Amino acid sequence: MTDAPKKLFIKTYGCQMNVYDSQRMAEAMATEGYELTEDQAQADMVLLNTCHIREKAAEKLYSDLGRLKPLKAERPDLKIGVAGCVAQAEGAEITRRMPLVDLVVGPQAYHRLPAMARGEAPAIVTDFPEEDKFDHLPRRTENRATRRAPAAFLTVQEGCDKFCAFCVVPYTRGAEVSRPAARILAEARDLVARGVREITLLGQNVNGWHGEGASGFGDLIRQIAEIDGLDRIRYTTSHPNDMADDLICAHRDVAKLMPYLHLPVQSGSDRVLKAMNRKHTADDYLRLIDRIRAARPDIMLTSDFITGFPGETDQDHADTLRLIEQVGFGTAFSFKYSPRPGTPAAGRDPVPDAVADARLHELQALLTRQQKAAQNGMVGRTLGVLFEKKGREPGQMVGKSDYLHAVFVQAPDAQVGDLLPVRIAESAPNSLRGELVN
Ligand code: SAH
Ligand code: SF4
Ligand code: F3S
């Protein structure tokens with residue numbers, strides 16, 4: 001007789017890499033007899049996979065932990081774990097501030113989680129172990145923790161050596177490490193064998209990948225594209241300085257590589273870029289965009305921006321708006337600067353909050369107009385859509401276009417996992433509507 005499965009509830013904050021990590025932790029805990037639950041109240045273990053990038057993101061952990069107090073009081077055997085970048089940054093401080101936390105595990109130690117949950121490893125592990133966690137995590141074949149999704153993430157590179165003056169990632173994720181091509185290909189094949197048709201390659205500087213077994217990131221993409229049954233490849237996040245010629249050529253040559261590139265620039269002012277330690281100018285970025293568009297004219301570009309970085313003037317802000325006008329983005333993420341303890345910019349004189357807010361609003365209004373224009377430009381085109389789930393209306397499916405737009409389609413006979421041509425008929429605020437083409 002086997003024990004009834006124990007239940008694991010995971011809440012994921014932050015970036016795609018955390019989403020990926022949560023899946024890998026769920027798969028590791030499945031080997032311990034845990035299955036995932038969507039209902040926190042039913043859980044035997046609650047795992048909060050946290051983000052440290054901005055103050056608000058980090059503070060969410062403590063409000064969520066506060067809300068877990070009654071549950072833990074009712075069921076003292078409930079295990080509460082904190083993973084992710086706040087775990088790495090704050091370590092034992094978390095259990096000091098919140099004694100209800102049983103386990104704290106940093107991003108490089110996830111393979112230790114099963115032993116930690118059994119009480120056979122220390123309750124707080126935030127070192128950067130010698131061994132590679134990926135060698136000790138279970139293979140990505142199906143198990144009780146895997147959801148049958150046609151699109152999946154795959155981490156190929158982790159950590160960052162760039163040290164932008166505002167950013168915690170080099171401290172929370174550690175130095176840049178690239179996984180060997182053979183391991184990445186094996187994981188990709190496992191994913192395809194369980195029904196995955198689209199893989200997004202992940203890394204904090206994914207295009208800086210320089211692992212064994214390929215000459216560079218462009219070559220790695222070419223090798224992955226050889227896998228039968230895999231239809232789409234994406235990658236995120238890239239740094240402008242690591243956009244090598246070979247990768248740009250891959251956008252021209254590799255049909256499976258989707259015409260979409262997230263390339264954060266942060267600011268359009270050379271003064272601010274320098275203060276941010278970005279090591280590129282606005283003009284470098286614009287010339288790079290020209291080369292990418294020459295290789296793949298229909299590529300959609302997206303980016304990240306920060307407003308109110310210390311020292312940013314009205315003129316700097318105007319330079320950022322001008323860069324946005326010059327490029328024309330499909331969509332973009334923009335944030336008000338948030339000082340992070342331990343980063344070089346943290347002690348610098350702040351821009352007044354109201355000024356940073358006003359700039360953020362102005363920038364977002366422009367980016368929203370561009371997003372709308374990009375979506376309107378899809379109307380009338382026929383695009384591949386990979387169906388990821390059923391929609392709310394009867395017979396409706398929701399999927400992603402080549403350009404990562406969510407597309408709603410009436411397709412009563414289609415299955416999740418189908419990749420079908422869809423004629424885009426209409427643009428809504430954050431999605432498209434289309435019709436199947438026969
Ligand atoms: N490795 C990626 C993403 C880093 S975090 C890259 O290099 O682009 C994602 C985004 O969060 C960043 O691009 C930046 O725009 C934003 N960000 C990072 N630190 C921040 C901070 N202290 N305040 C506000 N936004 C920040
Ligand atoms: Fe952070 Fe800069 Fe590294 Fe991106 S490149 S993770 S923004 S330090
Ligand atoms: Fe956040 Fe860590 Fe990702 S700080 S954005 S979860 S790398």
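Leaving aside neighbours within four places in sequence, E187 is in contact with Y20, R24, R140, L154 and R179, where contact means heavy atoms within 4.5 Å. I begin with this residue, and I should say at once that we are looking at a predicted model, in which local features need pLDDT of at least 70, side-chain atom pairs count only at pLDDT 80 or more, and totals for chains, interfaces and linings use all residues. Residues are numbered from 1 along each chain as its sequence is written, chains are lettered from A and ligands numbered from 1 in the order in which they are written, and side-chain values use heavy atoms, with hydrogens and water left out.

E187 belongs to helix α8, residues 181-193; helices here are DSSP runs of H or I with at least four residues, strands are runs of E with at least two, and both are numbered from the N terminus. The residue is buried, because its relative accessible area is 5%, and buried means under 20% on that scale, with exposed over 50% and partly exposed in between, for a 1.4 Å probe and protein chains only. Two of the contacts of E187 are polar. Its side chain pairs with the side chain of R140 at 3.2 Å, and a polar contact of 2.9 Å joins it to the side chain of R179. A polar contact is a pair of N or O atoms within 3.5 Å; within protein, one must be able to donate a hydrogen and the other to accept it, and residues adjacent in sequence count only if both atoms are side-chain atoms.

A second glutamate, E158, sits in strand β8, residues 157-158. E158 also counts as buried, because its relative accessible area is 5%. Which side chains make polar contacts with the side chain of E158? That of K133 does so at 2.9 Å, and that of R173 does so at 2.9 Å. Other residues that E158 touches, not counting those up to four places away in sequence, include M17, P107, Q108, F134 and Q204. S178 is 20 residues from E158 in sequence and 6.6 Å from it in space, C-alpha to C-alpha.

R173 and Q204 bring us to the ligands, as both of them touch E158 and both help to surround ligand 3. The other residues around ligand 3 are C15, N18, T50, C51, H52, I53 and C85; a residue is taken as near a molecule if one of its heavy atoms lies within 4 Å of it. This shell divides into four nonpolar residues, four polar and one charged. In that scheme Ala, Val, Leu, Ile, Met, Phe, Trp, Tyr, Cys and Pro count as nonpolar, Asp, Glu, Lys and Arg as charged, and the others, Gly among them, as polar.

Ligand 1 is surrounded by 14 residues, the closest being F166, Q204, Q266, D304 and S338. One of its nitrogen atoms is 2.8 Å from a polar backbone atom of S338, a nitrogen atom is 3.0 Å from a polar backbone atom of F166, and an oxygen atom is 3.1 Å from an N or O atom in the side chain of R54. The protein covers 89% of the 540 Å² of accessible area that ligand 1 has on its own, by the Shrake-Rupley method with a 1.4 Å probe; for residues, only the protein chains shown count as cover. Strands β13 (300-307) and β14 (331-336) are the elements that give two or more residues to this shell. Its composition is six nonpolar, four polar and four charged.

F166 appears again around ligand 2, in a shell that includes C160, C164, C167, H239 and R278. Here the division is seven nonpolar, two polar and two charged.

H239 leads to H280, which touches it along with P240, N241, V265 and L273, not counting residues up to four places away in sequence. H280 lies in the loop between α11 and α12, and it is buried, because its relative accessible area is 5%.

I close with the nonpolar interior. Nonpolar side chains tend to be buried together in soluble globular proteins. A nonpolar core is a set of buried Ala, Val, Leu, Ile, Met, Phe, Trp, Tyr and Cys residues joined through side-chain atoms within 4.5 Å. The largest has 53 residues, of which L201, F217 and Y235 touch the most other members. Helix α12, residues 282-295, provides its largest share, seven residues. Apart from this core lies another, of 23 residues, among them L48, C51, A57 and Y62.
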